[in-house]
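Work through the exercises below with the model in view. Try each task before you read its solution.

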Amino acid sequence: MKYNYKKIEKKWRYIHKKFNFLKFNKKKNKKFYILNMFPYPSGYGLHIGHSIGYIYTDIISKYKLRLGYNILNPIGFDSFGLPAEQYALKTKNLPKNIIKKSIYNYKKQIKKLGVFLNWDKEINTSDDKYYKWTQFIFIKLFNSYYYKNKILPIKKINFKIKSENLNKFRLAFLKYSYINWCPKLNSILANDEIENGRSIRGGYKVILKKTLQWHLRITKYIPKLLKDLDNLKWPDNVKNNQIKWIGLKNVYTIKLKLFKKNFKIFSINKKRSIHSIIFNYPSRFTNYILNLINKTQKKKIIKLLNKNYYNEKFKILIKFKNNYRKKINIYISNYYKNYYLKDTYINYKEDKEFKKVKTIYILKSKNIIYIKYTFKKKYIYNLKDIIYSRQRYWGEPIPIYYINNIPYSINKKYLPLKLPNISKKYFIKSKFNLNYIKKWAWDDINKKVTYKKYINNKNKVYPLDVNTMPSYAGSNWYFLRYISPNYKKFLFNNKINYWKNVDLYIGGKEHINGHLLYSRFITKFLYDLNIIKFKEPFKKFIPQGIILNETYIIYKYKNTIYSFDIINDKFKKKLQKIYINKKDIILNKYLNIFKKKYNKYNLIKNKFNKILCEVKIEKMSKSKYNIITPDSIIKKYGIDCFRLYIIFLGPFQEKKIWNINKINGIKRFLNKVWNFFLIKKNKKINKIYKIKIYKYLNLIHLNFKKFIIYKNISIFMKIFNILIKNKIYNLKLNKIILILLSNYIPYITEEIWNRLGNKGSIFYEKIKIIKYKDNLIKYLILINNKFKDTIYTDKDNNNLTYLKNIIYNKVYYPDKIKKIIFIKNKIINILF
RNA sequence: GUCUAGAUGGUGAAAUAGGUAAACACGCAGGACUUAAAAUCCUGUAAUUCAAUUAAAUGAAUUUUGCGGGUUCGAUUCCCGCUCUAGACACCA
């Protein structure tokens with residue numbers, strides 16, 4: 001019998017609305033704060049990539065919930081920023097309205113995924129109740145300075161400084177700096193918003209321009225940002241990325257001396273790290289170098305030496321005495337001045353090792369060459385103070401006014417400083433900027449915004465800052481606001497102290513550098529102010545792989561379309577790239593030229609008389625016509641099927657190419673589950689199967705612990721293959737399996753749960769971890785490293801002397817045995 | 001240029017601490033049921049060779065985790081070199 005997912009899912013979605021599964025429970029003493037990076041509600045809606053994240057966190061939180069944790073799994077929207085503004089200009093609307101619509105759509109789509117979220121905690125960064133506190137943090141930064149590892153209020157500077165010079169101390173301060181200026185977008189852009197000297201959005205030219213900008217003094221926090229990385233459960237490559245973004249640069253001055261038999265060979269004095277050494281040729285020590293490298297490299301060098309000039313790079317491994325290894329580059333050149341070394345920094349961890357070691361020696365060499373070195377150190381960082389202002393409309397206004405060009409902050413009592421309302425007409429006409437608005441001055445007597453024409457020092461009406469904050473201003477502290485989103489003050493202490501920082505954070509790889517670093521900085525700042533009691537925002541972070549899909553491209557020049565296979569690379573640069581819809585293609589690769597759309601173009605066909613288009617695999621994007629939305633799949637297969645399939649796709653962190661073909665396997669599996677549980681029988685289980693299944697169940701729990709949840713699906717499949725094949729119907733066991741399965745497929749399991757005669761929701765059932773005892777110990781018998789047999793033994797006879805007898809019965813010539821390798825609990829390898 | 005990650009069947013992939021490579025699925029091939037189709041179920045599915053047989057079932061051996069080498073009784077896993085792919089950063093300031 002097939003199960004009717006449409007009916008069942010509709011029914012349970014309706015019933016689940018009435019429950020608040022994630023409701024806080026005082027009796028529970030464990031907490032789990034799990035968080036997805038909040039989405040940017042673009043007009044295009046939720047796509048497959050987003051939904052993986054939500055389903056992933058949902059499965060983990062459903063599991064943790066029933067292990068007895070209080071769960072916080074909130075959601076919100078990051079809604080300030082350029083995309084909404086540009087989309088507004090395009091559609092002749094206001095950003096405010098667009099965001100409203102998009103959020104409505106997003107929520108509708110997310111609710112279809114069968115996820116439990118704390119909807120009562122929802123936030124929105126462009127809501128003035130939220131950005132009031134973004135401004136509050138800015139004022140705190142503005143009014144603080146960093147002194148001897150502490151944050152002090154700027155008022156407490158105990159020596160006389162003119163107020164205009166306070167800028168040098170504030171953590172939020174004004175400074176002239178070169179910024180990437182895009183005249184067309186009328187905005188500054190971050191480095192990562194630019195590609196090949198052009199803005200990524202729009203592709204406009206970007207120039208450098210010196211302007212007065214707000215900055216945040218993140219550089220004061222660099223030592224802490226580096227040091228605290230050690231305690232985080234983040235993937236190493238993410239940590240390394242942070243280290244490199246901060247970029248402690250090579251600043252060692254090193255004297256190198258190479259010795260062999262105390263014979264001085266070479267010395268170098270450069271302000272460079274030890275990563276590279278330049279050798280000049282011809283010289284006395286070239287032969288030694290040639291001994292260090294392998295044959296093919298040697299041949300290369302000898303060839304080089306016959307030329308008039310040469311330079312070549314080789315790598316050799318240096319091993320330090322404390323087992324620390326590092327590759328270094330060797331350059332061989334007769335004009336080494338041109339070969340100025342570029343790879344020149346020592347990262348934070350290596351730095352420590354350098355302090356310890358006094359001599360290093362080079363591996364792979366018969367003659368060991370000792371290198372002595374001395375160095376002085378200095379620190380230079382790649383990371384610069386964050387530029388924190390944008391010349392845009394759609395962002396948080398900076399709560400600052402100016403008296404005689406000196407900045408003063410608006411008292412927090414009078415926050416939020418609301419973004420001025422404007423009409424659609426005005427917005428469309430001008431590329432908007434707060435500079436042009438008439439009602440944008442601060443009345444310091446009445447404490448409110450007033451018209452610019454009243455600006456007058458005597459009346460205490462002053463000009464307001466015309467900048468807004470960048471898009472990451474709202475996102476670098478949002479995880480704190482989720483805990484008490486509607487609280488009148490900044491943070492509700494009791495709740496903050498309970499939930500603390502995020503236990504598991506999930507999000508896109510593209511945010512590894514910026515967003516994570518800035519959040520960490522703000523968290524540390526609030527810690528130093530004693531507002532919160534933890535130093536890091538996200539204890540564990542798992543980056544999510546993107547989903548790619550096929551795109552189809554045709555190349556056009558003026559009024560002519562060329563077949564892709566007849567275009568060479570030079571010509572390709574001239575041509576206009578046009579992404580086309582899959583529907584316009586036949587035979588997968590050939591453009592369907594008979595569609596009306598393309599009738600107006602001249603067509604240059606290939607020798608087979610066809611127009612071939614290019615097929616690429618790229619990130620999903622509306623402009624590339626390769627977006628897949630969950631809606632269509634859910635309609636066809638149901639929510640449970642979609643949820644299980646999208647997790648079954650593969651490792652969460654890897655990028656994946658979208659492919660719907662394998663969903664049939666999931667569909668079959670769900671039918672299997674449905675039909676299996678409808679048989680209401682209760683039998684005893686055979687011990688062998690019981691142990692097998694319990695082993696699998698333990699594995700499932702282990703994978704949950706590691707947050708590797710995709711592997712569990714195949715384990716479930718294995719379990720059901722055993723159950724069905726051997727006709728095992730045991731109520732107790734079935735319940736355990738069903739509850740675990742409900743993390744993945746909530747609706748079908750909920751229906752089965754009720755049909756089996758249980759009352760209430762399956763999501764109020766506790767998950768119990770069953771410990772089993774397996775007395776049998778398995779040994780693999782290998783003969784000359786080849787697997788031959790398995791034998792089982794118990795604890796009392798877990799030794800070679802006992803096992804030898806069994807083995808000798810199986811082996812034909814026990815006299816000829818040369819050696820037996822015995823590894824306890826694992827293996828016996830017999831060598832002849 | 002530097003750094004990081006990765007490479008396993010036709011496809012997605014699995015292999016806990018170095019110990020039976022390819023679990024679990026998809027797809028494909030063959031079969032059962034059916035007037036037919038869909039669905040479902042069963043069997044096979046890394047490669048090569050050999051034995052045997054009318055044929056099928058079967059049995060055995062060798063090779064195989066991008067390429068080459070090392071450590072080890074034993075390497076998908078650790079080490080070195082190379083090739084390719086992806087990502088991040090920088091160069092300008």
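**Exercise 1. A charged pair and its network**

Task: Decide whether Asp228 and Lys524 are buried or exposed, then find what joins them to other residues.

Solution. Start with accessibility. Asp228 and Lys524 are both buried. Keep in mind that this is a predicted model. Next, look at the contact. Asp228 and Lys524 form a salt bridge, with 2.5 Å between the closest N and O atoms. Now place the two partners. Asp228 sits in the loop between H6 and helix H7 (236–246), while Lys524 belongs to helix H15, so to speak of distant parts of the chain is fair: they are 296 residues apart. Last, widen the view. Asp228, Arg520, Lys524 and Glu536 are joined into one network by salt bridges that share partners.

**Exercise 2. Another link between H6 and H15**

Task: Find the salt-bridge partner of Asp528 and state which helices the pair ties together.

Solution. The partner is Lys224, and the closest N and O atoms are 3.0 Å apart. Asp528 lies in helix H15 (residues 514–528) and Lys224 in helix H6 (residues 222–227), so parts 304 residues apart in sequence are tied together. Then check the cover over Asp528. Its relative accessible area is 21%, and buried means under 20%, so Asp528 counts as partly exposed.

**Exercise 3. A pair 519 residues apart**

Task: Locate the partners in the salt bridge between Lys112 and Asp631.

Solution. First, the total: the structure holds 14 salt bridges. In this one, the side chains of Lys112 and Asp631 meet at 3.7 Å, N to O. Lys112 is in the loop between helix H4 (95–111) and strand S4 (118–124). Asp631 is in helix H17 (residues 630–637), 519 residues away along the chain. Both ends are partly exposed: Lys112 has 28% relative accessibility, and Asp631 has 24%.

**Exercise 4. One side of a helix**

Task: Name the buried residues of helix H3 and explain why they count as lying on the same side.

Solution. H3 spans residues 82–91, and Leu82, Ala84, Glu85 and Ala88 are buried there. They cover an arc of only 170° around the axis, so they lie on the same side of H3. A general rule helps here: an α-helix has 3.6 residues a turn, so residues three or four places apart point the same way. Now step past the end of the helix. Just after H3, Lys92 takes a positive phi of about 55°.

**Exercise 5. Unusual backbone angles**

Task: Find where Asn149, Lys460 and Pro416 are placed, and describe the backbone at each.

Solution. Begin with the general rule. Most residues other than glycine have a negative phi, and most peptide bonds are trans. Asn149 has a positive phi of about 65°. Asn149 is in the loop between strand S5 (144–147) and strand S6 (150–153), and is exposed at 54% relative accessible area. Lys460 also has a positive phi, near 60°. Its loop runs between strand S23 (448–450) and strand S24 (461–463). Lys460 is partly exposed, at 39%. For Pro416, look at the bond before it: the peptide bond from Leu415 is cis, with omega near 0°. Pro416 is in the loop between strand S21 (406–409) and helix H11 (424–429).

**Exercise 6. A positive patch**

Task: List the lysines of the positive surface patch.

Solution. They are Lys684, Lys687, Lys690, Lys732, Lys735, Lys766 and Lys768. Helix H20 (687–706) and helix H22 (731–741) each give two or more residues. Lys732 is in H22 and is exposed, at 67% relative accessibility.

Definitions and conventions:
Residues are numbered from 1 along each chain as its sequence is written. Chains are lettered from A and ligands numbered from 1 in the order in which they are written. This is a predicted model: local features need pLDDT of at least 70, side-chain atom pairs count only at pLDDT 80 or more; totals for chains, interfaces and linings use all residues. Side-chain values use heavy atoms; hydrogens and water are left out. Patches are made of residues with over 30% relative accessible area and no salt bridge: like charges are joined within 9 Å, nonpolar side chains (Val, Leu, Ile, Met, Phe, Trp, Tyr) within 5 Å. Accessible areas come from the Shrake-Rupley method with a 1.4 Å probe; for residues, only the protein chains shown count as cover. A salt bridge is a side-chain nitrogen of Lys or Arg within 4 Å of a carboxyl oxygen of Asp or Glu. Lys and Arg count as positive and Asp and Glu as negative; His and the chain ends are not counted. The place of a charge is taken as NZ of Lys, CZ of Arg, CG of Asp or CD of Glu. Helices (H or I, at least four residues) and strands (E, at least two) are DSSP runs, numbered from the N terminus. Buried means under 20% relative accessible area, exposed over 50%, partly exposed in between (1.4 Å probe, protein chains only). The arc is that of the directions from the helix axis to the C-beta atoms.
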